[in-house]
Amino acid sequence: MRNFLIATALVSGLLACAPATAQQVRYYPVPAGSGPHDVAAAPDGTVWYTAQRTGKLGILDPRTGKVEEVPLGEGSAPHGVIVGPDKAAWITDGGLNAIVRVDPKTRAVKAWPLPQDTGYANLNTAAFDGQGRIWFTGQSGVYGRLDPRTGEMKVWKSPRGRGPYGIAATPSGDVWYVSLAGNHLARADLETGESTIIEPPTPGQGARRVWSDSQGRLWISEWNSGQLSRYDPKEGSWKSWTPPGEKPRTYSVYVDEADKVWITQWGANAIMRFDPKTERFESFPSDQPDARVRQMLGRKGEAWGAESRLDRLVVVKYGD
């Protein structure tokens, strides 16, 4: 039974929403019409974002507000961006149907197209395993692995077809992904690529994004149920919380250096921070309606997101 244990704290009951204590919330406009989707805080102090509507990688300098954009190629529609072990920007580009690397110094763009027999993958997000290989998801029903050193790419079909969306690596290098349409969490075998499905306790929950904390526990944002859930692979146990607000729609999840959990809650038009120790949420609503913040990433003391409808990046700075 422990694989199906769930403890849900309801807003009206055990769960409370604490007043925000972050030091600063700041917004940065990016070029109109760019549709920023995902963000990544770069090692050099800049912040990268995917300009999904214009096919570019955006580079924001928060110190000056200056934005530079790097075209990724004709037909590009980038979705996710992360910092690789080589400190470069690695992008899942749905328009190019390719994994793309942008050199942070030269701005050189290199693409690894998916095999032709894969078809259109609708690429979403990516994560590096402990061996320097990049894993990625495609919402059309695939997930895959690219070894940048050799160029070898392998693509597998998801056991339940369409839906693979968020993906993350644990501190030990294991790779997990979630399926939005398939309503499950899965672990990918690093060598064979075979995936093992882990069933969340909430049926039809719409697992959208996943992130690991420092202990290797998987935090999952559930779009359909609105919950924030945690799966502990060591114990095989689940626990879930419902964020504050009516009809929550939890889009993304990110775990910071102190194992505090950040989510974007579209129903409340807010970024939220959750403390697993106190089981309390802090809410940081946007100063404009319908911001649609998608994936979040950050660095010590900073949590970044992209307000995709408003063509802005947002950062919440915190000191605890």
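## A strand pair to start with

Let's begin at one rung of a ladder: P36 has A51 of strand β5 as its bridge partner. The model here is predicted, and this pairing belongs to a wider contact between two strands. Strand β4 covers residues 36–41, while β5 covers residues 47–51. The two run antiparallel and are joined by four bridges.

What links β4 and β5? They form a hairpin, with five residues lying between them. In that turn, G45 has a positive phi of about 100°.

## How β4 sits in the fold

Is β4 largely enclosed or open? Six of its six residues are buried, meaning under 20% relative accessible area, so the rest of the structure largely encloses this strand.

## The chain as a whole

Stepping back, you will find 30 strands and zero helices in the protein chain. Of its 320 residues, 57% are buried. If we take contacts between residues at least 6 apart in sequence, 46% of them join residues at least 24 apart.

The radius of gyration is 18 Å, which agrees with the value near 20 Å for a compact globule of 320 residues. Along the principal axes, the C-alpha atoms fill a box of roughly 50 × 45 × 30 Å.

## Surface and charge

The protein chain exposes about 13,300 Å², and 49% of that area comes from carbon and sulfur atoms. As for charge, there are 38 positive and 35 negative side chains. The centres of these two sets lie 1 Å apart.

Technical notes. Residues numbered from 1 in each chain as written. Predicted model: local features only at pLDDT ≥ 70, side-chain atom pairs only at ≥ 80, totals over all residues. Heavy atoms only, no water. Buried < 20%, exposed > 50% of the residue type's maximum accessible area, 1.4 Å probe, protein only. Pairing = 2+ DSSP bridges. Rg over C-alpha atoms; globule rule 2.2 N^0.38 Å. Contact = heavy atoms within 4.5 Å. Areas by Shrake-Rupley, 256 points an atom, 1.4 Å probe, with all protein chains shown as cover. Lys, Arg positive; Asp, Glu negative; His and termini not counted. Charge placed at Lys NZ, Arg CZ, Asp CG, Glu CD.
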